[in-house]
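Biologist: I should like to learn how contacts between a protein and a nucleic acid strand are read from a model. Please take me through one case.

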Number of protein chains: 2
Amino acid sequence: MADISERKKKILAAVVDEYVATAEPVGSKLLAEKAGLRVSPATIRNELAELTGMGYLAQPHTSAGRVPTAKGYRLYVNELMERKPLSDEEARTIDSSLAQRSGRRERMIGDAGRLAAELTNYPALSMSPAGADTVERFDLIYVDANTFIIVLLMRSDTVRNKLVRLPFSVEEAMVRKICTVFNANFCGVTEAEITPSRISAAERAVDDSMGLVAVVAGFTIEALAERGGTQATLTDGAKLLRLPEFRDPDKAHSLMSYLSDAENLRRLPSVSVPGNDDIKVLIGPENVAEELRDSSVILAKYDAGDGVEGLIGVVGPTRMDYSVLAAKLSYIAEGLSKALAGGASGALPGFGKLMIPENNLQNMPEKRTE
Amino acid sequence: MADISERKKKILAAVVDEYVATAEPVGSKLLAEKAGLRVSPATIRNELAELTGMGYLAQPHTSAGRVPTAKGYRLYVNELMERKPLSDEEARTIDSSLAQRSGRRERMIGDAGRLAAELTNYPALSMSPAGADTVERFDLIYVDANTFIIVLLMRSDTVRNKLVRLPFSVEEAMVRKICTVFNANFCGVTEAEITPSRISAAERAVDDSMGLVAVVAGFTIEALAERGGTQATLTDGAKLLRLPEFRDPDKAHSLMSYLSDAENLRRLPSVSVPGNDDIKVLIGPENVAEELRDSSVILAKYDAGDGVEGLIGVVGPTRMDYSVLAAKLSYIAEGLSKALAGGASGALPGFGKLMIPENNLQNMPEKRTE
DNA sequence: ATTAGCACTCGAAAATAAAGAGTGCCAGCA
DNA sequence: TGCTGGCACTCTTTATTTTCGAGTGCTAAT
């Protein structure tokens, strides 16, 4: 890959930059002007022909300008592109947006996705692959004779709960006993380890003939299963339609349908690609899915705490400004990591910010500026 | 509106049916065959001309067939269309899909949306306008010296919680005291009623100098605000792109962008229209938003319990099969009402179904058949 | 009132023509 | 050997024209 002249690199970079900006195949004449080289179009043409032969460029038809191939983009991303730093203003926008909401973790991740979509003008996707979670502590709140609440404090510092209404009555002591048993036997346990036999054992231990233990265990399993799977969401898919490469409704439809299934999103980042590890770029055919063959995905890692890693990124055509997108996404990911570390699990969340008066005086729910 | 001959009605209905099916303007010859009338195309032409004059039909250009106007659709929806009952098979599909998931309320509503989208092949929207909620009961779970969990049991039978980590330590007694005070003073209270003065009073009552009361109050406000607003989501927006009327990418973009803002969705059903009250049909220009001017929305009411009403529906072009869509949506809405009433708040949720073994043996999360 | 007949309109699709951008290659020049 | 200007050629894009046909509105006859 390094067996490529300096001048060719410069030309390739210029082609990519130009094509990314205009979406039109770029020709020798334009390059002669724009690329910093002081050579004639004819010379450029020779170089272009060679680059095409090497597979970095392609031409839509015999008599058109050149367009980068996936291989061309790959080289560009790995070696050529200059890492553009964010403008101060953008950095500030991101900082403040992320600082604003120190709410629940899921919500912050969702918000980060929205932010990414807004800032990049591409559909954003956000994933939080919670590693196998476990219950840290069980609480059963006895409400009345036929109502109690299950509260699970998870190792991931999230809390799950469920209100249970019974068609018969139980005594508070019973609820307490169940709680104790669960805390003794099901803390730190993974989903797979909640076996029917262990449940029966617990049932015997508390002398439960009414299936209460089963209810609590069922909910626990549910909570673990939900946390165990990666959450993946797409924000603002409509933004695709603005792009010239998706003016063909069939293409747009195929891609958008594909992306609207969360299952597909989850599978997305499974490919491994050369290059930086904090930011992952999947270019066109590097994607496994047929539907993504002429689209690219840029993903940035963030740290969701406890060593769990999430991803936030954008989807778009192969023709994207990888350098600025990568910069923006890294910055967002970094900010998100900090926000999650600082806010959600560390010190008292937004202690200064959550104070009542301000919060309550602007009491219209969910006012977002867009 | 009733000043319209029986034959005209028949013809109008035929035009609508045909146009809905084919998306092509329909002409006199076809109508002469399809509509049950035993008259010649020429006669039909006369009638068509009159219907056009009355504003029920329009022709795209001088020499094309007729297309229903919004007014035409309105008449069709209100008087003409035959309420087609669902096929047994469809009914069964819906029943079983809804019965399957007896999870949390929000989840069920979301699932119903997905079901609607799948069954109708249109983007679905689901809204749950929870009326002003209040807290029924506060619980503070003391975890360790600098951690506790806030658990709010709401009147709507949902539970909200938050994990609080403190940068200093508190005693269990203190947490208990705060809990007592909140239960005494903030149960059944709306968001607006949580005033700074009441909070200060509570702070004095428990001798809180560290802002713990403020944290709990802040979370309470947040929970109330969130519940108070209508939740609205769109499922499967990509389905729009399959329709001929959205082959124009600009149209598609405009509508999809509009729909991807939840705020817009919330505003949607504010118009009141003539006709049945359980199912609401907004036809083209009856919609307030510019972006919806040549689209229609069909919404069915469901009962989310406690007299709170939600909506579930679909969005599409004005050319939709209102009768079958209305039927499907009513059925889903009805089923959802039952499911919510029976499962979530009534008896023990899915007592038989939630049993452990089956649930745990198929332990791959979220396997949905699609 | 209904119908057959017919001239007419107007869009969609097909056919044709013109324009333009960019290439590849060759021959000349440093 | 590498660069450059020149030039013929290719192939898309766009515009223009032509053709075709579906559907109408009107009139006159039943």
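Biologist: Which polar backbone atom is 2.7 Å from a phosphate oxygen of DNA strand D?

Modeller: A polar contact is a pair of N or O atoms within 3.5 Å; within protein, one must be able to donate a hydrogen and the other to accept it, and residues adjacent in sequence count only if both atoms are side-chain atoms. In this predicted model, the backbone atom belongs to S40(A). T43(A) places a polar side-chain atom 2.3 Å from a phosphate oxygen of DNA strand D, while a backbone N or O atom of A64(B) is 3.4 Å from a sugar or linking oxygen of that strand.

Biologist: How many residues surround DNA strand D?

Modeller: A residue is near a strand if one of its heavy atoms lies within 4 Å of it. Here 21 residues surround DNA strand D, and S40(A), T43(A), T62(A), S28(B) and S63(B) are the closest. Of the strand's atoms within 4 Å of the protein, 76% belong to sugar or phosphate.

Biologist: Which helix gives the most to the surface near DNA strand D?

Modeller: Helices are DSSP runs (H or I, at least four residues), numbered from the N terminus. With four residues, α3(A) gives the most.

Biologist: What conventions apply?

Modeller: Residues are numbered from 1 along each chain as its sequence is written, with chains lettered from A and ligands numbered from 1 in the order in which they are written. Local features need pLDDT of at least 70 and side-chain atom pairs pLDDT 80 or more, whereas totals for chains, interfaces and linings use all residues; side-chain values use heavy atoms, without hydrogens and water.

Technical notes: Helix = DSSP H or I, 4+ residues; strand = E, 2+ residues; numbered from the N terminus.
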